[in-house]
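Visitor: I would like a close look at a single part of this model, taken residue by residue and then set against the interior of the chain. Please walk me through what the coordinates show there.

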Amino acid sequence: MQEKPTTVAAYAAGASLAAVALFYVFGPNYTIDGDESNDSNRKKSIVGLSNLANDCFINSVLQALAGLGDLRVYLIRELHRRQLDGPEIYHTLPSEDELSLARSDKLRELQQGITTRALKEMLDRLNERPIYKKTISARDFIQALEYAFRTRISRNQQDAQEFLQIVLERLCDEYHAGARARQRALGAIDAAGSSTAGEEGSAQESSSEVEVRIDDGSTNGLPAIIDTKLKEIDQESGFPFEGKMESQIECQFCHYQYKPNQTAFVNLTLQVPQKSSTTLNSCFDGLLKTEYIEDFRCDRCRLQHAVDAKTTELARTRTQGDRDRLEQEISRLREALETDPEAELEGIVFPPSETAPKRRIARHMRITAFPKVIAIHLSRSIFDQSSSSKNAAKVSFPERLPLGSILSQKWYKLLAIVCHKGSHHSGHYESFRRNHIYPPFSTPEVFSSYAQSRTASQNPSAAPSPRIVPHSSPDGSISRAGSSTSLSGASATQLSPPQPRLTTSGSRRSFQSTTSRSSKQKLSPTSDNNSPTTDQGRWSPSRPSHSIPRPSQDAPTGVSSRLRRRRKPNDRWWRISDEKIKECKTSDVLGMQREVYLLFYELEKPDASGA
C-alpha cells in the first residue's frame, strides 16, 4: 500500500514516456529514412536477414511482423508498463494452493515476458534504415524462443504458419500472465488500502505510513476514475492479434438454439477450395457461412424423447413406487426443457442413445471481437490416402478488406504477406512488406512547401527589393495599415521599379503592385472608380509586367520535377527474400495469387488518411 501514490504518479508519467518511446522507435524511420529527403540519391533499402540453416520460414515471418505498426506499439507499451510497475510484481506468484511447483517456473517466465522483449529488440533492429547494405541474424530471437519452450526449432519441418502460430500464442500467453499479475497486485494494494483506512478510522491515528485518499470532492481527494481508466487502458491495448469468434447451433426440427460458444484466436486458417481460382472472400465464406449438419442428436429433442418414453412407461406401471419415481423424473425433465436443455441431469435413467432421434442442425460462426491485426493463413494442403500435395489455386485478395456485418463493418488494410514458391515438400518463403510510416510521423504534403520555397529561390525576380527611406516631414510619411504599406510624397520616388506580389482571393490569383496611384494608372488606363490605391481593392492588370511561375507547372527541372515522378508512399513495398531486398509496388503484391500463403491486415483507424 505504501507505493500506491507512487504507482499512480508513475502511470501518470507513463503516458508522456510512452509517447517518447513511440517517437524513439518510429521517429528514426522518418528522420534518417531518406524516403522523405529530396536530395538523397542513394539506393534505399532495409535490413535483411541471413539464412544459414534453411531459416527462410523464420525470416519471412519476422519481416512481415516488422511491418505491423500496431504490433510494435503494443510491444512498446507492454514493456514500458512492466518497467513502470517494477520487476517484483512479475516475480510474485499466486499461492501454492492455486499453483503447483511444476508450473511455477513456467508462469514466472510468462509473467516476465521473455519472448515479448526478444521480439521487440528483433523488430527494432529490422526497422532501422541503414545507410549501406546490412544483414543481421535472427539467432538471438530464436534462442529466446527455444529457451521459452525448452526445445529446439526443427529446420526439417519448415512451415511459416506453424512458426507464426507458436510466436503469437506465446506472446498472447505472456500478455495475459502479465495482466493477471497486475490485477493481483492491484487487488493486494486495494485490500491493504481498505484495511489501513479502517484502522485509521477506528484508532484515529495522527500519522500514518500510507495516505489513503478517496474522491470526496476536496482538493486532496483522489479521483476514483484513475483505477477505472487504467483498466480501460489494459483492455484497449490488449494483444493486437487476439480476437474472439462465436459459434452457435440451431436445431432445424425444434428450433432450439444452443448457447453460443466463444473461442479466442490469434490467426485464422481458411481452406482454399480445389479449383483453378478463387477469392479471399470465398475462403472466408467457407469459414463463416452457415453450415448444415445431418444426424445430430439435439439435447432438447433428446429430453423430449425421454419425456415421451417415460410417460408411456408410466401408463403401463402398476406399482406406486415406480409411478412416484417416474412422475418425479418427468417433472425434472420438463423443468429442464423449460429452463436449460443442455444441463446435466443426475439420477435420471435416459433411454438408450441409439433410440434418440437424429436431427438436422445449422451451425453458424461469426467474429465477435475484431483484432487490431488479423493474420490469415491460406491452407493449401491437399491430403489423400497415400500422399499430400499443394493446392496451387489462384487466390485474389484485396488491398482493403471488409469484415463484419453491414451495420458494424470493419475495414482492414493490407500491410504484409508471406509467399511460398515450390511444392508441398520443398520450396522457399519470401515476404512482401509495405513501406509504411504512421502519423504523426507521416507527412504526405511535406514536399509542397519545400518545393515552393526552392522554386522561388531558383527563380528570383529581376527587380530589386524596394528600399524605404523614412522621413519625418509631412511630405514623406510612411503609414502601415494591417499588412499593406502605403507610401506618399517623396518616398515613392525613391523606390525601385514595382515588385509584383502574388495575392489569393478564393481560387483566383492576381498580381498586384504596391505603387502609388499614378503608377497604377499608367499600368491600367481605367477610371478612378476601378483603380483603388489600397490593398482592399479588386484591381487586377490584364497583362502583368512580371510573372512568378507555379512550382507544379512551370518548373520543369529541379525538385518539383522529381516530385512528380515520385511514387506514392502507400504504393511502395519491399520484396524480401532473406538478405535480397528490392522495391516493388502494390500491383506486384496483389499479383502473387498462386504463391500467397499468409496475409497480415491491420485495422484502419478513423484518421487513417495520412497513414
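Guide: Gln262 lies in strand 4, which covers residues 261-265, and the model in which we see it is a predicted one. Gln262 counts as partly exposed because its relative accessibility is 44%, a value between the 20% under which a residue is buried and the 50% over which it is exposed. Leaving aside residues up to four places away in sequence, Gln262 touches Lys244, Met245, Glu246 and Thr368. With one of these, Glu246, the contact is also polar, the two side chains being joined at 3.5 Å. Arg366 is 104 residues away from Gln262 along the chain, yet their C-alpha atoms are separated by 9.7 Å.

Turning to the interior, the largest nonpolar core has 46 residues, and those touching the most other members are Phe141, Phe163, Phe241 and Phe600. Among the elements that each supply at least two residues of this core are helix 3 (69-85), helix 8 (160-203), strand 9 (373-379) and strand 22 (596-603). Phe241 has contacts, beyond four places in sequence, that include Leu71, Leu168, Phe265, Val373 and Phe600. A second core, separate from this one, comprises 30 residues, including Met365, Leu401, Cys419 and Val596.

Helix 3 itself is mostly covered, with 14 of its 17 residues buried, and its reach of 24 Å from first C-alpha to last is close to the 24 Å expected at 1.5 Å a residue. After helix 3 comes Gly86, which has a positive phi near 100°.

Methods:
Residues numbered from 1 in each chain as written. Predicted model: local features only at pLDDT ≥ 70, side-chain atom pairs only at ≥ 80, totals over all residues. Heavy atoms only, no water. Helix = DSSP H or I, 4+ residues; strand = E, 2+ residues; numbered from the N terminus. Buried < 20%, exposed > 50% of the residue type's maximum accessible area, 1.4 Å probe, protein only. Contact = heavy atoms within 4.5 Å. Polar contact = N/O pair within 3.5 Å; in protein donor to acceptor, adjacent residues only side chain to side chain. Core = buried A, V, L, I, M, F, W, Y, C linked by side-chain atoms within 4.5 Å. Expected span 1.5 Å × (residues − 1).
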